[in-house]
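Work through the exercises below with the structure open beside you. Try each task before you read its solution.

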Amino acid sequence: MSTTPPIPSITADYAQRVTDDLAANRSEQERVRAELARLQEELVRLEESEEVLTKMQEVLRITPKKAAKKGQDGKAIAVPAARPSNGGAGAVTGRKTSKKAASPKKPGEPTWLKLTTAHLTGQSEPKSAAEVSAALTEAHPERAVQVTVVRNTLEQGVAQGLLERSKQGRSVFYSPVLPASA
């Protein structure tokens, strides 16, 4: 009688391949999730930068010029205008987008900087931009309060030395600058 080595079962081979493919699939999912999270954070930063630059453009009364690029044949091609910053981004990043249009400040109304510094002055502990926005929405329902506008205003207050910024992990909190005691 001849002895032949046992042949691995086809089922065992397929089971091993399925196990390996499943492990590779899960590894790829994790890689894609990490890349997606990085891209979402980058998108949020770019949107916030766009909002700041748009506000600066409005303040400086700069009219945007339509850019024209030249194609390979040397003829100018039209470049489409930028999309609105809140168009669809909320669904991707999980942020809420405001349905209200920003209403211009009426004469005699306090500026956002005055409103935010006044609110923080009356607080006993630092507040986040979201908390300040919620309080301003409640206190001034006639004004369209947007978290990004409040955040930019808070940063403006920090730049002017009216407010202090403190970080706790990934969270940022704002408080009024206390006068130096003699």
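## Exercise 1: A salt bridge across the chain

Arg170 is exposed, with a relative accessibility of 76%. The model is a predicted one.

**Task.** Find the salt-bridge partner of Arg170 and say where each residue of the pair lies.

**Solution.**
1. Start with the partner. Arg170 forms a salt bridge with Glu41. Their closest N and O atoms are 3.5 Å apart.
2. Check the cut-off. A salt bridge needs such a nitrogen and oxygen within 4 Å, and this pair is listed at 3.5 Å.
3. Place the residues. Glu41 sits in helix H1, and Arg170 sits in the loop between S3 and S4. They are 129 residues apart, so the pair links distant parts of the chain.
4. Look at exposure. Glu41 is partly exposed, at 38% relative accessible area. Arg170 counts as exposed because its value, 76%, is over 50%.

## Exercise 2: Two more salt bridges of helix H1

**Task.** Which parts of the chain does the salt bridge of Glu48 and Arg151 tie together? Then do the same for Glu30 and Arg33.

**Solution.**
1. The side chains of Glu48 and Arg151 meet at 3.1 Å, N to O.
2. Glu48 lies in helix H1 and Arg151 in helix H5, so this bridge ties together parts 103 residues apart in sequence.
3. Both residues are partly exposed: Glu48 has 25% relative accessibility, and Arg151 has 26%.
4. Salt bridges with shared partners also join Glu35, Arg38 and Glu42 into one network.
5. Now turn to Glu30 and Arg33. Their closest N and O atoms are 3.5 Å apart. Both lie in helix H1, three residues apart, so about one helical turn separates them. Arg33 is partly exposed, at 48%.
6. Finish with the total. The whole structure holds nine salt bridges.

## Exercise 3: The hairpin

**Task.** Describe how S3 and S4 are joined, and find the residue with a positive phi.

**Solution.**
1. The two strands run antiparallel, and six bridges join them.
2. Take one bridge. Arg165 has Tyr174 in S4 as its partner.
3. Two residues lie between the strands of this hairpin. Gly169 takes a positive phi near 70°.

## Exercise 4: Buried side and surface patch

**Task.** Is Val59 buried or exposed? Which elements do the buried residues of H3 pack against?

**Solution.**
1. Val59 lies in helix H1. Its relative accessible area is 62%, so Val59 is exposed.
2. Val59 belongs to a nonpolar surface patch with Val52, Leu53, Met56, Leu60 and Ile62. Together these residues have about 580 Å² of accessible area.
3. Now take H3, residues 112-121. Its buried residues are Trp112, Leu113, Leu115, Thr116, Thr117 and Leu120.
4. These buried residues pack against helix H4, helix H5, strand S3 and strand S4.

## Exercise 5: How far to trust the model

**Task.** Where is confidence lowest, and where is it highest?

**Solution.**
1. Begin with the whole chain. The mean pLDDT is 79, and 70% of the residues reach 70 or more.
2. Confidence is lowest in helix H2 (residues 89-93), with a mean of 45. Helix H1 (residues 10-59) has the highest, at 92.
3. Residues 87-102 have pLDDT below 50. Beyond near neighbours in sequence, this stretch has 21 contacts in the model.
4. Draw the lesson. Where pLDDT is low, predicted coordinates should not be read in detail.

Notes: Residues numbered from 1 in each chain as written. Predicted model: local features only at pLDDT ≥ 70, side-chain atom pairs only at ≥ 80, totals over all residues. Heavy atoms only, no water. Buried < 20%, exposed > 50% of the residue type's maximum accessible area, 1.4 Å probe, protein only. Helix = DSSP H or I, 4+ residues; strand = E, 2+ residues; numbered from the N terminus. Contact = heavy atoms within 4.5 Å. pLDDT = per-residue confidence, 0-100. Patch = residues over 30% accessible without salt bridge, like charges linked within 9 Å, V, L, I, M, F, W, Y side chains within 5 Å. Areas by Shrake-Rupley, 256 points an atom, 1.4 Å probe, with all protein chains shown as cover. Pairing = 2+ DSSP bridges.
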